[in-house]
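Trainee: Could you walk me through reading a structure like this one, feature by feature?
Mentor: Gladly; let us open it and begin with a loop.

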Amino acid sequence: MSGDNDRPGAPDRPAFERGTGFLLARLGSLTARSWAGFLGEHRLTQSQYAVLVALDRHGPVVQRRLAELVAVDARNLVPVLDQLADRQLLERRPHDTDRRRRVVNLTDRGSTLVGTIAAAAAAEQDRFLDALTAAEREHLNGLLRRLYAAHVPADGPG
């Protein structure tokens, strides 16, 4: 490969813009900005979205376990839960046998929002990856998962 982009007629990029580290960092920045904007359209932060997805996946859980699932200190989780409860996206209730513990559950409204966001996120991802064929997307995802697994322990961020 000569260093040119793979697309005919694409401008030649400086050497630093062709390095793997730069490309991963720059694309990571672009996708993070795009993702934050996307979540903002739904009036959500990344932490709030992580809570909703964890509840959707795991069902009702005690607050401490939810904090573990989203890798947030339990004390820092309270304001996130407050904001989501204010929007009626989740509910908290006392545990059946231990009144000191709180069980957190998605409401129907929260579940609907998670589904809506998942569908819209898939469409946004398709738009972002439009320059790649389906096979290239699959290959890229496999390589990224392999790198991720090599650098992030399995019990790390979820």
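**Reading the model step by step**

Mentor: Ala 71 is found in the loop between H3 and H4. Keep in mind as we go that this is a predicted model.

Trainee: What is the sign of phi at Ala 71, and about what value does phi take?

Mentor: Phi of Ala 71 is positive, about 55°, although the residue is not a glycine. Ala 71 also counts as exposed, because its relative accessibility is 54% and the exposed class begins over 50%.

Trainee: Which loop holds Gln 88, and is Gln 88 buried or exposed?

Mentor: Gln 88 sits in the loop between H4 and strand E2 (90-94). With a relative accessible area of 52%, Gln 88 is exposed. Its phi is near 60°, again a positive value in a residue other than glycine.

Trainee: Which residues with positive phi follow H1 and H2?

Mentor: Arg 43 follows H1, with a positive phi near 55°. After H2 comes Gly 59, and its phi is positive too, near 75°.

Trainee: Now the helices themselves. How does the end-to-end reach of H1 sit against the expected span?

Mentor: The idea is to compare the distance between the end C-alpha atoms with what 1.5 Å a residue would give. Helix H1 (residues 20-41) has 22 residues and reaches 31 Å, close to the 32 Å expected. Helix H2 (residues 46-58), with 13 residues, reaches 18 Å, close to the expected 18 Å. For helix H6 (residues 134-151), 18 residues should span 26 Å, and the end C-alpha atoms are indeed 26 Å apart.

Trainee: How many residues of H6 are buried?

Mentor: The number is 0 of its 18 residues, so H6 lies largely in the open. H2 reads another way: its buried residues are Gln 48, Tyr 49, Val 51, Leu 52, Ala 54 and Leu 55.

Trainee: How many residues does the largest nonpolar core have, and which have the most contacts inside it?

Mentor: The core has 25 residues, and those with the most contacts inside it are Leu 44, Val 51, Leu 52, Leu 55, Leu 66, Leu 77 and Leu 84. Two or more residues each come from H1, H2, helix H3 (63-69), helix H4 (74-86), strand E3 (102-106) and helix H5 (108-128). H2 gives the most, with 5 residues.

Trainee: What is Leu 55 in contact with, beyond its neighbours within four places in sequence?

Mentor: Setting those neighbours aside, Leu 55 is in contact with Val 61, Leu 66, Leu 90, Val 104, Asn 105 and Leu 106.

Trainee: On to the rings. How many aromatic pairs does the structure hold?

Mentor: There are 2 aromatic pairs. In one of them, Trp 35 and Phe 38 are stacked, at 5.2 Å centre to centre with 25° between the planes. These two residues are 3 apart in helix H1, which means that about one helical turn separates them. Trp 35 counts as partly exposed at 26% relative accessibility, whereas Phe 38 is buried at 8%. Trp 35 also pairs with Tyr 49: the ring centres are 5.2 Å apart and the planes are at 75°, so this pair is edge-to-face.

Trainee: Which helices hold Trp 35 and Tyr 49?

Mentor: Trp 35 lies in helix H1 and Tyr 49 in helix H2, so the pair ties together parts that are 14 residues apart in sequence. Tyr 49 is buried, with a relative accessible area of 14%. Ring pairs thus link Trp 35, Phe 38 and Tyr 49 into a cluster.

Trainee: At what angle do H1 and H5 pack, and how far apart are their axes?

Mentor: For helix packing, read the angle and the axis distance together, then find the residues in contact. H1 and H5 pack at about 145°, with axes 12 Å apart, and the crossing is right-handed. H1 makes the contact through Leu 27, Leu 30, Thr 31, Ser 34, Trp 35 and Phe 38, and H5 through Ile 117, Ala 120, Ala 121, Glu 124, Arg 127 and Phe 128.

Trainee: Where does His 42 lie, and is His 42 buried or exposed?

Mentor: His 42 lies in the loop between H1 and H2. At 19% relative accessible area His 42 is buried, because the buried class covers values under 20%. Leaving aside neighbours within four places in sequence, His 42 is in contact with Arg 87, Leu 113 and Ile 117.

Notes. Residues are numbered from 1 along each chain as its sequence is written. This is a predicted model: local features need pLDDT of at least 70, side-chain atom pairs count only at pLDDT 80 or more; totals for chains, interfaces and linings use all residues. Side-chain values use heavy atoms; hydrogens and water are left out. Helices (H or I, at least four residues) and strands (E, at least two) are DSSP runs, numbered from the N terminus. The expected span of a helix is 1.5 Å times one less than its number of residues. Buried means under 20% relative accessible area, exposed over 50%, partly exposed in between (1.4 Å probe, protein chains only). A nonpolar core is a set of buried Ala, Val, Leu, Ile, Met, Phe, Trp, Tyr and Cys residues joined through side-chain atoms within 4.5 Å. Contact means heavy atoms within 4.5 Å. Rings of Phe, Tyr and Trp (its six-membered ring) pair if their centres lie within 6.5 Å; planes under 30 degrees apart count as stacked, over 60 as edge-to-face and the rest as tilted. Axes are lines fitted to C-alpha atoms, for helices over the stretch in contact, and angles run from 0 to 180 degrees between N-to-C directions. A crossing is left-handed if the near helix is turned anticlockwise from the far one by less than a right angle, and right-handed if clockwise.
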